[in-house]
Amino acid sequence: MLPTLPETTKVFVSQAMQHSTPEKVHAEREEIMEKLKKLYPDHEFVLIDQYDIQDPPEWESKSPRGIRWARLARSIDMMADADLIVFTNDALDYNQTGILAPGCLSEHTVASKYQN
């Protein structure tokens, strides 16, 4: 049995991006949205796009580490607006380097601890 979703469902996709390409990221998201439309044909799905957004100008002074933290915080903030959070297969699997995607792991931890 499928979970009940709002007729208009905001979707956040967590996916490994560090060793990916824009084409792969967009293709994975399109595939997820198509699968959701097939499962819920009477629903509208709106993708919360945390990929194609610009960093704010005030982040220019941040270190690379600081930017990673700020982007993770922004993603978690966007998750708060989602009705559904989807994790791609590689989001929580070991990637080619044998390391879990750290942002995805953090997003998964937050999602699972704050799901209610």
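**Group meeting: a look at the fold and one helix pair**

Hi everyone, let me start with overall size. This protein has 116 residues, and for that length a compact globule would have a radius of gyration near 13 Å; the value here is 15 Å, which agrees. Please keep in mind that this is a predicted model.

To give you a feel for the extent, the C-alpha atoms fill a box of roughly 45 × 30 × 30 Å along the principal axes. On the outside, the protein exposes about 8100 Å², and 53% of that comes from carbon and sulfur atoms. As for the inside, 31% of the 116 residues count as buried.

Now, how is the chain built up? There are three helices and three strands, and reading from the N terminus, the elements go β-α-β-α-β-α. If you like contact maps, here is a number for you: among contacts with a separation of 6 or more, 68% are between residues 24 or more positions apart.

Let me zoom in on one helix pair. Helix α2 covers residues 64-79 and helix α3 covers residues 102-113; the two pack at an angle of about 35 degrees, with their axes 10 Å apart. The crossing of α2 past α3 is right-handed.

So which residues of α2 and α3 make the contact? From α2 we have L72, S75, I76 and M79, and from α3 there are G103, S106, E107, V110 and A111. Sorted by class, the contact of α2 with α3 has five nonpolar residues, three polar ones and one charged.

That's my tour, and thanks for listening!

Methods
Residues are numbered from 1 along each chain as its sequence is written. This is a predicted model: local features need pLDDT of at least 70, side-chain atom pairs count only at pLDDT 80 or more; totals for chains, interfaces and linings use all residues. Side-chain values use heavy atoms; hydrogens and water are left out. Axes are lines fitted to C-alpha atoms, for helices over the stretch in contact, and angles run from 0 to 180 degrees between N-to-C directions. Helices (H or I, at least four residues) and strands (E, at least two) are DSSP runs, numbered from the N terminus. A crossing is left-handed if the near helix is turned anticlockwise from the far one by less than a right angle, and right-handed if clockwise. Contact means heavy atoms within 4.5 Å. Ala, Val, Leu, Ile, Met, Phe, Trp, Tyr, Cys and Pro count as nonpolar, Asp, Glu, Lys and Arg as charged, and the others, Gly among them, as polar. The radius of gyration is taken over C-alpha atoms; the globule rule is 2.2 Å times the number of residues to the power 0.38. Buried means under 20% relative accessible area, exposed over 50%, partly exposed in between (1.4 Å probe, protein chains only). Accessible areas come from the Shrake-Rupley method with a 1.4 Å probe; for residues, only the protein chains shown count as cover.
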